[in-house]
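Subject: Handover of a structure

Dear colleague,

Please find below the structure that I am passing on to you. A summary of what was found in it follows.

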Amino acid sequence: MVIDRKETFLKSSGKIADPESQSPGVSRPELLAPGGSLEKCVVAFLYGADAVYAGTRRYTLRAQAGNLGWEELAAARHQARLWKRKLYVTVNSFARQEEIRSLPAFLEYLQEIEVDGIILSDPGVLRLAARWAPQVPIHLSTQANTTNAESVRFWADRGVKRINLARELCFEEIRDIRSWVSTELEIFVHGAMCISYSGRCLLSAALNGRSANSGTCTQPCRWSYRLVEEKRPGEYFPIWEDSGGSYIFNSRDLCLLGELGLLLPLGIDAFKVEGRMKGMLYLATVVRAYRAVMDRWARGCALGPAEAEGLEDLGRVSHRPYTRGFLFPSKGPEDAKSAPEVTYLQTHALAGIVRPSPHGYWEEPVGPGDPDSSHIIYLEVRNRLTPGTTLEFLFPDGSIRAHRLESFEDCRGARRDVAHAGTWIRFPVPFPTFPLQVVRMELNS
Ligand code: SF4
């Protein structure tokens, strides 16, 4: 069991969160991360997710995301078992007749590979799941817009085990619902927000024929708009004056890392991170930031340092200005739900992913080595690299080790002056790394 060996090394070296090291008796919500591909599922586990959610191309709201094929779902399920984590599969589109007809075979398959849960929102899909995958727990998607305890009971009476509450609820409402029901509850803590009621929106379908309800939203709520008076064609008036354009909706991204001190004692069963279409750097950064704060809470430690470090790190990856969403009243313009800025903010980019060999994949064995010796690593390059670039290796415990790239070779041993995205290079680093380790670089450094 290669992964087991790797996990043992990472745990013993303090480089990975060990759920069994938590204080006994402390209720620990699950950290649920997006698994947009098989590799992303493993990266999420590596950086501390308790569970991942993934979809297959046909039956998910993220039809465009790097969803998994049926065999990949089985492989992700296998990885989840090796890591002692969980895999939930999204079947959360509002199914049309044609999909409904082909769904039983897929549901049977999910039961056969023993996924840990099916995430759905359509009552018809729920009915089919009860028939064709009766042993698989059912989770209700935020798309079902559950906003009160009676709705929770309604779904629980129909066999739903866990409910992802509507993102539109405030903190007091969540606390109140929790006090009335024992059903598992889940909330979103991080990621992109819809300006409509949790994705129940036809803007994209109306403007370019790609419907959010079939997972092909092009996010037109974030586009720049102008107002035109009927008798003045060609004269475009700004609605919200700003140097970059005018923005009607333009939701900020949700970030509740700084509020975990209030959310953790509520008894919510899972904190969910949005973003199956996001990249490896986003995934590793977000998961390890939330993991660090949640682990400190479970150990009864002060959250402040991990929160401050995490928020700083979350500011480095590509994001829209952050908001606390609907959970708390706005503190002021800096905490508004929409933003005049249209651009994404980021200071760092993904430099590459560590690979164990020229043809290596994450399943291949890797030794911890001697921390003081040099290790030759292979890097799958994701952004243009030149000698002199400082690489930052992200570790699951929240630490970072920087390494200045002096020189490097391609996989055939030829020295190179530049490495482009998509190529692989090799070079020594003076500390142990591990396959699938995420490496970032500062932009314009
Ligand atoms: S257009 Fe915006 S609000 Fe509508 S579904 Fe897409 S992301 Fe959500």
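How are H2 and H10 oriented to each other, roughly parallel or roughly perpendicular? Before the answer, please note that this is a predicted model.

Helix H2 covers residues 38-46, and helix H10 covers residues 280-298. Their axes lie 9 Å apart and make an angle of about 25°. Since angles under 35 degrees count as roughly parallel, H2 and H10 are therefore roughly parallel to each other. Their crossing is right-handed. On the H2 side, the contact is made by Lys-40, Val-43 and Ala-44, which meet Met-280, Leu-283, Ala-284 and Val-287 of H10. By class, six residues of this contact are nonpolar, one is charged and none is polar.

H10 also leads to the sheet. This helix lies across strands E13, E15 and E20, and runs at about 100° to E20.

The sheet itself is open and has eight strands, in the order E16-E15-E20-E13-E14-E19-E17-E18, with antiparallel pairing. At its edges are E16 (400-404) and E18 (415-416), each of which pairs on one side only. In general, the strands of a sheet pair through backbone hydrogen bonds, and may do so in a parallel or an antiparallel manner.

Three of the pairings may be of interest to you:

- E13 (residues 348-355) and E20 (residues 438-442) are antiparallel and share five bridges. Ala-349 has Met-441 in E20 as its bridge partner.
- E15 (390-394) is joined to E20 by three bridges, again in the antiparallel sense. Here Phe-393 is matched with Val-439 of E20 as its bridge partner.
- E15 and E16 run antiparallel and are joined by five bridges. The bridge partner of Thr-390 is Arg-404 in E16. These two strands form a hairpin with five residues between them, and Gly-398 in the turn has a positive phi of about 100°.

There is also a ligand in the model. Which residues come nearest to the ligand? Twelve residues surround the ligand, and the nearest of them are Cys-194, Cys-201, Ala-212, Cys-217 and Cys-221. The shell around the ligand consists of eight nonpolar and four polar residues, with no charged ones.

When you view the structure, H10 may serve as a starting point: on the one hand H10 packs with H2, and on the other H10 lies across E13, E15 and E20.

With kind regards

Definitions and conventions
Residues are numbered from 1 along each chain as its sequence is written. This is a predicted model: local features need pLDDT of at least 70, side-chain atom pairs count only at pLDDT 80 or more; totals for chains, interfaces and linings use all residues. Two strands pair if DSSP finds at least two bridges between them. Helices (H or I, at least four residues) and strands (E, at least two) are DSSP runs, numbered from the N terminus. Two residues are in contact if their C-beta atoms, placed from the backbone, lie within 7 Å. Axes are lines fitted to C-alpha atoms, for helices over the stretch in contact, and angles run from 0 to 180 degrees between N-to-C directions. A residue is near a molecule or strand if its C-beta atom, placed from the backbone, lies within 6 Å of it. Ala, Val, Leu, Ile, Met, Phe, Trp, Tyr, Cys and Pro count as nonpolar, Asp, Glu, Lys and Arg as charged, and the others, Gly among them, as polar. Angles under 35 degrees count as roughly parallel, over 145 as roughly antiparallel, 65 to 115 as roughly perpendicular and the rest as oblique. A crossing is left-handed if the near helix is turned anticlockwise from the far one by less than a right angle, and right-handed if clockwise.
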